[in-house]
Amino acid sequence: GYSKPFDTGLSLWARSLPAIFRSVAPVAVVLAVLLTFTLPSWAADQTVPYEAVLTSLGWLLAGYGILLTGTVLSQQYTGLIRGSAHVWAARRLLPWAVSWALVLAATFAGYFLLIVPGVIIALRLFWADELVLAHRSGPVEAIRESWDMTTGVVGNVFGFQLLASGWGWIVGFAGMLVFYLLMLVVPETRVADFVLPVVFFALMMAVFGLYGAFHAPELAKFYGLRARQLYDRRVAAAPEIDEDMSTVEGVAN
């Protein structure tokens with residue numbers, strides 16, 4: 001995952017896709033219903049009761065679906081997440097959201113001061129979300145751990161981020177193409193109102209699936225870097241370990 005994050009990540013995504021779709025399908029159903037009621041494009045002057053509440057609920061469910069996708073990928077790749085992915089994602093949703101808010105606030109503060117500090121902060125705090133999700137760190141703890149983890153490898157992370165940004169554009173274009181093709185099947189008449197929930201369901205499934213394709217290489221890079229650092233620490237500590245073991249064997253003899 002460290003040297004070939006896209007190969008490893010996309011392989012992970014491909015084998016995890018069925019599990020992702022099974023997990024996010026209920027979320028996509030609810031979102032499709034909400035979109036049907038809150039985005040009545042066939043009647044622009046139609047008022048929707050409690051529209052603000054429904055819209056907020058929609059954003060909450062969309063965030064939960066994104067986190068659920070990441071949960072399934074982490075579960076498939078590491079085995080660190082046990083039990084139901086739905087329950088795990090629900091428990092980690094608030095810390096995950098808080099960590100993202102803190103990272104975005106720190107990044108924007110860096111951009112406001114000077115552009116370079118913002119870039120550095122974004123790189124150093126890049127993996128706080130995974131530490132919150134799979135390692136159950138608190139938001140502040142995850143930020144500190146991500147900062148420590150990227151010490152000395154900012155250049156490598158920056159290179160990966162450039163490639164990941166390009167990959168993100170490709171995934172985003174694929175998403176827009178899917179949206180365009182789905183909208184082609186929806187006529188502009190009330191006769192086809194029943195088609196909208198199906199189209200919105202397909203759209204949300206595509207969003208979650210494509211997010212998985214974008215996130216999986218990031219996940220592979222994270223654990224590749226983590227494994228490499230643990231290995232380097234073990235190698236650095238090996239002489240001390242050998243000396244201790246020799247002392248123990250000498251006393252035993």
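A surface patch here is built from residues with over 30% relative accessible area and no salt bridge, and nonpolar side chains are joined within 5 Å. The views below show a predicted model.

**Figure 1. The overall fold is built from helices.** The protein has eight helices and zero strands. Read from the N terminus, the order of elements is α-α-α-α-α-α-α-α. The chain has 253 residues, and 41% of them are buried.

**Figure 2. A nonpolar patch lies on the surface.** Six names make up this view: Phe173, Met176, Leu177, Tyr180, Leu181 and Leu184. Together they form a nonpolar patch of about 670 Å². Leu181 is one of the patch residues. Leu181 sits in helix H7, which spans residues 154-184. Its relative accessibility is 46%, so Leu181 counts as partly exposed. That value also fits the patch rule, because patch residues need over 30% relative accessible area.

**Figure 3. One cavity is enclosed by the protein.** The structure contains one cavity of 30 Å³ or more. The largest cavity holds about 60 Å³ of space. Its lining consists of Ile66, Leu67, Gly70, Trp96, Asp129, Glu130, Leu133, Tyr211 and His215. By residue class, the lining of the largest cavity comprises five nonpolar, two polar and two charged residues. Three helices each supply at least two residues of this lining: helix H2 (51-78), helix H5 (128-133) and helix H8 (195-252).

**Figure 4. Met205 of helix H8 pairs in space with Val24.** Met205 lies in helix H8. Its relative accessible area is 13%, and Met205 is therefore buried. The cut-off for buried is under 20%. Val24 is 181 residues away from Met205 in sequence. In space, the C-alpha atoms of Met205 and Val24 are 7.2 Å apart.

**Figure 5. Arg136 has a positive phi in the loop between H5 and H6.** The loop that holds Arg136 runs between H5 and helix H6 (139-149). Arg136 is not a glycine, yet its phi is positive, at about 55 degrees. With a relative accessible area of 58%, Arg136 is exposed. The cut-off for exposed is over 50%.

**Figure 6. Gly138 and Arg92 are far apart in sequence.** Gly138 also belongs to the loop between H5 and H6. At 26% relative accessibility, Gly138 is classed as partly exposed. Gly138 and Arg92 are separated by 46 residues in sequence. Their C-alpha atoms are 9.6 Å apart in space.

Methods. Residues numbered from 1 in each chain as written. Predicted model: local features only at pLDDT ≥ 70, side-chain atom pairs only at ≥ 80, totals over all residues. Heavy atoms only, no water. Patch = residues over 30% accessible without salt bridge, like charges linked within 9 Å, V, L, I, M, F, W, Y side chains within 5 Å. Areas by Shrake-Rupley, 256 points an atom, 1.4 Å probe, with all protein chains shown as cover. Salt bridge = Lys/Arg side-chain N within 4 Å of Asp/Glu carboxyl O. Helix = DSSP H or I, 4+ residues; strand = E, 2+ residues; numbered from the N terminus. Buried < 20%, exposed > 50% of the residue type's maximum accessible area, 1.4 Å probe, protein only. 1 Å grid on protein atoms, 1.4 Å probe; cavity = no way out; pocket = protein on both sides within 12 Å on 5 of 7 lines; lining within 4 Å. Points joined across faces, edges and corners; volume = space filled by probe spheres on them. Nonpolar A, V, L, I, M, F, W, Y, C, P; charged D, E, K, R; others polar.
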